[in-house]
Amino acid sequence: MGNSVLTWLGRHAMKLAVVAVLAVPAVVSVYDARTKPNDPNLAQLPAPPVSWRQLREAPGQLTNWVNDHFGYRNDLVKLNNRMRFAVFHEFPSVQMASGRNGRYFLAAHGPDELPFQAIRATCAGAVLNPKIAPYINQLFDSYRAAGLAPKLLIAPSSPVVYPEDLPRWLAPRCMGSDTPVRTMLASHTLNATAAASILFPLEQAREIKKSATLFPKTWFHWTGEGLDQIARLSLSTFWQRPLDQAPPLRIKKHLEYSDVSHLFDGVPLQSETVEPDLEGSHVKGCWGESCFPEVEAGKLLRDVSRFSNPQSPARRLLIISDSFGSKISPWYSRYYREVEQFATNNGDRLSPAQLEQLKTYMYRDPAGTDILLLYHDAGAMYKDVLRYATERMLPVPVPAS
């Protein structure tokens, strides 16, 4: 009897081991379902069916619940991500892609986009949205009607700044300068006034990268000491301002996790980043919801920043931007007494009253303020993002006298 049991156990040991391994997270999932509050972002355990329709739907609903609540699910997802990255050097999301020379790229703006969509949108061959140039004309006309003269800085993103680091099959498409932004700037529908107020520093960025960081290898956004050169270029191009009235900002370096780490749980990518040492430079700086107590919108926009440098010329810079704005905004504090940056990504959260309060605040003191609109090339050219982001922020025209 004893020998037959041992023989049976030996014959089925692997099966029993698999059942035992799966039983542990299964028991944990049932325990968690009874003791922890439901996460509204996860599938809910279906109620006992009381109709034939509910009975037919129950298996699928139960499968979704098991998928979302299987014990140690997050740990297993992280382990899967680590293994895929270590063995195949691939990410678990269509949004990220491995390049060459240790660089990684945001490959798609969303999980449902086509592979490499975000890269293709910045490079040669991308189809230009026909609404872009007419809207940019309208944008500058609206500001001019309000007595304001903004400038537009279009930030070249990493695929066109570092095309040599793209996958080999994709690199030739991004090597040249015939990008969608260049197509738009050469468009006959873009009027001369608008064209003269736009800077797309692609060639300059490719030169700057040789001696200074513009994009850390694991980042989507630009950041690094090369942004000071971009800031100086924009000021000399747009406003011909003297650039050395205040001492250079000190810098500091540190290792930081990638700004897109939330897209791939369990793969800890890091890069050395370079940013201004505000305290060492005697600059008062602020990022986030508490920076603008004067307006309610600051808490809702969230991606906002503010800097005050008593050593700089007594002038204010207003930056209206996408998420690239807060990375370069502190570098401008060497050249302005006050720098205020508002990202428009969350502009749809503002009520009409909050929006009007914000515009009144932003466009105050026009004589003492320079206005810089700043959007990266894919955001400016892809799916009409520039228009969606800025049209609610346009100022009220000055009444005709």
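The legends below describe several close-up views of one predicted model.

The model is predicted, so that local features need pLDDT of at least 70 and side-chain atom pairs count only at pLDDT 80 or more, while totals for chains, interfaces and linings use all residues. Residues are numbered from 1 along each chain as its sequence is written, and side-chain values use heavy atoms, with hydrogens and water left out.

**View 1. Strand β3, residues 151-155, and its enclosure.** Helices (H or I, at least four residues) and strands (E, at least two) are DSSP runs, numbered from the N terminus. Because 5 of the 5 residues of β3 are buried, this strand is largely enclosed by the rest of the structure; buried means under 20% relative accessible area, exposed over 50%, and partly exposed in between, with a 1.4 Å probe and protein chains only. Lys151, Leu153 and Ala155 point one way from β3, whereas Leu152 and Ile154 point the other way, and all are buried.

**View 2. The strands paired with β3, namely β11 and β4.** Two strands pair if DSSP finds at least two bridges between them. Strand β11 (residues 369-376) runs parallel to β3 and is joined to it by 5 bridges, with leucine 372 of β11 as the bridge partner of lysine 151. Strand β4 (residues 198-199) also runs parallel to β3, to which 2 bridges join it, and here isoleucine 198 is the bridge partner of leucine 152.

**View 3. Lysine 359 in helix α15.** This helix spans residues 352-362, and lysine 359 within it is buried, with a relative accessible area of 11%. When residues up to four places away in sequence are not counted, lysine 359 touches Arg392, Met393 and Leu394, where contact means heavy atoms within 4.5 Å.

**View 4. Glutamine 240 and arginine 302, two residues with a positive phi.** Most residues other than glycine have a negative phi. Glutamine 240, in the loop between α12 (226-238) and β5 (251-257), has a positive phi of about 50° although it is not a glycine, and its relative accessibility of 57% makes it count as exposed. Arginine 302, in the loop between α13 (297-301) and β8 (304-308), has a positive phi near 70° and counts as partly exposed at 45% relative accessibility.

**View 5. Proline 134 in helix α6.** Helix α6 covers residues 132-145, and proline 134 in this helix is partly exposed, with a relative accessible area of 41%. The C-alpha atoms of proline 134 and threonine 122, which are 12 residues apart along the chain, are separated by 20 Å.
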